[in-house]
Amino acid sequence: MGRFLNAAAIGCVVLSVSGTAWAGKDLDTVKARGQLVCGTMEGTAGFARADSQGKWVGLDVDVCRAVAATIFGDSEKVKYVPLSAQQRFTALQSGEVDMLSNNTTATLTRDTVLGLDFGAVTYYDGQGFLVNKKLGVKSAKELEGATVCVAPGTTTELNLADYFRANKMTFKPVVIEKVDEVRAAFFSGRCDVYTNDSSSLYATRAANPPPPLTPEDFVVLPEIISKEPLAPAFRHGDNQFGDIVRWSQYAMVDAEENGITSKNVDEMLKTENPSIKRLLGVTPGMGKALGVDEKWAYNIIKQVGNYGESFERNVGMGSPLKIVRGLNALWKNGGLQYAEPIR
Amino acid sequence: MAVETLDSTTRPKVAPWNDPVVRGWVFQIVIVGLVGLLAWFLVTNTLENLARQKIASGYDYLSREAGFEIGDSMIPYSPASTYARAILVGMLNTLKVAVLGIVLSTILGTLIGIGRLSPNWLLSKICEWYVEAFRNVPLLLWLFLFYKLISEAFPGPRQAISLLGSLFLSNRGLYFPVPLADPIHHWMAVGLLVGVVAAFVVKRWAKRRQEATGLPFPTIRAAIALVIGVPLVVWLLGGAPHHMSWPELKGFNFQGGTVIQPEFTALLVGLVIYTSAFIAEIVRSGILALNKGQSEAAMALGLSRAQSMRLVLLPQAMRVIVPPMTSQYLNITKNSSLAIAIGYPDLVAAVNVTINQTGQAIENILIIMAAFLTVSLGISAFMNWYNKRIALRER
């Protein structure tokens, strides 16, 4: 009978869906492992990419680091698993990763039939088109008959088809699995247009044109054809883990709202402002409610920084991408980043 | 001296747990039971987990609108078509590249294999290098190489290389004119079928006549005439409609005509070149397996080298060649799924997108597996039938 159990156990592993028979215990699994396993993109400048020292950096990476800081008090306790758009959901469903922070758009289908939940929106994005300036195209409405490079397994692919259908235009897709190969096909001239979330287009334009092409040879067309609220995703079932992911992100936004940065967080500990005291755990309660250390938000801000710092460092003016805050500015400044109050 | 006769029907009486026959049965039943239990456990556990995670299951999604575009399709397809049709498009694309790959790599591989045995030093060396170069590098790298060569080396559509004024070669593929759709084309297809059947009939008749009277008949020329001639006559009878759809540069791309896309070309060329290196070795081994006396006897009869190869050596070598050839044909079919790396929309690509849009991985993977299994078993069945047909009939 021992052998049978062994065989059954192996069978469990083989059929990876069986691997999550202990749903609801995700947080315990993460804690027991001593490490958060975070699914990221396969290298997109500004969002998730290994730097010259092999250390992962980017806006998406900072989300993983914030969650690790909340759980462990140490933002470095993260293992990054780069996933293609096609692999990501299966990897998450099967328990290979604890969460996704890889520019995944929150949609109804994914929230329901895929068995996932989404955290707070970390980046408000929209799909756009990148073209070579030589084509002389000024608007996406002029793209009739164009060949379009697109990565498979994304909402991008569906939005693209919808947009061209809605505008009674035709196109030919070139669909390649690896995002690097899609970009290479675009830069080699195999396609007229590269479509993706505009954040990713800016990243591609800034980092990927092969010499002698330069970023200035390419332009992102003005049309934004979809809403893409990018949010971290995790499995249905463990609500506490979900709360931690969501509030780690809110803590970063709240910190920016309250003017707390990684530089001044230690001074802020002495403040009299009650909401800052609650956030930083000087007044205890929030950590207990979340089931983590009272210093959780302090750790995030100290080690990762607030949302604004992370944005500027990775994709904003302090980076080669030079993306303006736009929709991602704080609500006070006309953007959409609006964190629920920590109280 | 009394001779004891061994009677197989009466065996010495032993206890059932010591009886090898009973024991054999018991073990087999237990093993089958365990395998069955394991299968049951895996299926129910998976279903339970899917239900717990509220992941939908079942094949209802097949009739829903797919919503994504496919770049290369043999049948009418649009984003408004269903997932089932998208998967069918992928299946047909896989079959297209597999069938063409099998035919072309067989021809090329046979030529290379024979070439390696040529007394001409240069020819045999070239064939040897070909084999060693192409079979010792992973197929995926060849695919990347050919794809890069096509997409980097050829100019964009606006600077397309024009051949004969109506063929256009660019990094979008090879555009060429095709006849405008006309009802006569269906009848020409029927004519082609009639021509092929007639060619077989003529071949059988010619063979029987040659065996009876020794009179040769130009079978090959007659067959070509029939296969080309019958559709041609149908076309002429139908009033010889000659309106063509010409490729024209409009906006970004060529419109009209038809196109062979770079992804398809790269995949086909990669598969053919890689597999033909293996087939060449199989053909060479098949020929070398023959007794030297066969070729000497053929020479002694006064047959030319080509005749002895075609009439004496190859037919006998086939018996050695066909079984390993089956594996190569299966390999081509399965390797065609590497298409996803260079963006050819094959079955795997279509199903992968479907998985991602519907989230129903298990159902979709089962579809891929069933499809490849069907095609592979079909190839195996055909090759086994062919192998039996050409096997030595021992009397």
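Q: Why is A:Lys168 called exposed?
A: In this predicted model, A:Lys168 has 7 other C-beta atoms within 10 Å, and because a residue counts as exposed when that number is 12 or fewer, A:Lys168 belongs to the exposed class. The residue is found in the loop between α6 (155-166) and β10 (171-175) of chain A.

Q: What makes the phi of A:Lys168 worth a remark?
A: The phi angle of A:Lys168 is near 55 degrees, which is a positive value in a residue other than glycine. Most residues other than glycine have a negative phi.

Q: How do you know whether A:Asn103 is buried or exposed?
A: The C-beta atom of A:Asn103 has 28 others within 10 Å, and because the cut-off for a buried residue is 20 or more, A:Asn103 is buried. Its place is the loop between β5 and α5 (108-111) of chain A, and its phi, like any positive value in a residue other than glycine, deserves notice, being near 55 degrees.

Q: Why is strand β1 of chain A said to be largely enclosed by the rest of the structure?
A: Strand β1(A) covers residues 36-40, and four of these five residues are buried, so the strand is largely enclosed.

Q: How do you know that β1(A) and strand β4 of chain A pair?
A: Five bridges join β1(A) to β4(A) (residues 78-82) in the parallel sense, and because two strands pair if there are at least two bridges between them, the requirement is met. Within this pairing A:Leu36 stands opposite A:Val78.

Q: What makes β1(A) and strand β5 of chain A a pair?
A: Strand β5(A) (residues 99-100) is joined to β1(A) over two bridges, again in the parallel sense, and because at least two bridges are required, this number is sufficient. Opposite A:Gly39 in β1(A) stands A:Leu100 in β5(A).

Q: Why are α9(A) and α13(A) called roughly perpendicular?
A: Helix α9(A) (residues 239-257) and helix α13(A) (residues 296-303) pack at an angle of about 65 degrees, with their axes 10 Å apart. Because the class runs from 65 to 115 degrees, the two helices are described as roughly perpendicular to each other, and their crossing is right-handed.

Q: Which residues of α9(A) and α13(A) meet?
A: On the side of α9(A) they are A:Ser248, A:Ala251, A:Met252 and A:Ala255, which meet A:Ala297, A:Ile300 and A:Ile301 in α13(A). By class, the contact has six nonpolar residues, one polar residue and no charged residue.

Q: Why do β1 and β8 of chain B stand at the edges of their sheet?
A: The sheet is open, has four strands in the order β1-β2-β3-β8 and is paired in the antiparallel sense. Strands β1 (161-163) and β8 (258-260) of chain B each have a single partner strand, so one side of each is left without a neighbour in the sheet.

Q: How do you know that strand β2 of chain B is joined to strand β3 of chain B?
A: Three bridges link β2(B) (residues 167-170) to β3(B) (residues 173-176), and the two strands run antiparallel. One of the residues involved is B:Leu169, whose bridge partner in β3(B) is B:Leu174.

Q: What makes the peptide bond from A:Pro211 to A:Pro212 worth a remark?
A: This bond is cis, with omega near 5 degrees, and A:Pro212 lies in the loop between α8 (198-207) and β12 (218-220) of chain A. Most peptide bonds are trans.

Conventions:
Residues numbered from 1 in each chain as written. Chains lettered and ligands numbered in written order. Predicted model: local features only at pLDDT ≥ 70, side-chain atom pairs only at ≥ 80, totals over all residues. Axes fitted to C-alpha atoms, helices over the stretch in contact; angles between N-to-C directions. Parallel < 35°, antiparallel > 145°, perpendicular 65-115°, else oblique. Left-handed = near helix turned anticlockwise from the far one by under 90°. Contact = placed C-beta atoms within 7 Å. Nonpolar A, V, L, I, M, F, W, Y, C, P; charged D, E, K, R; others polar.
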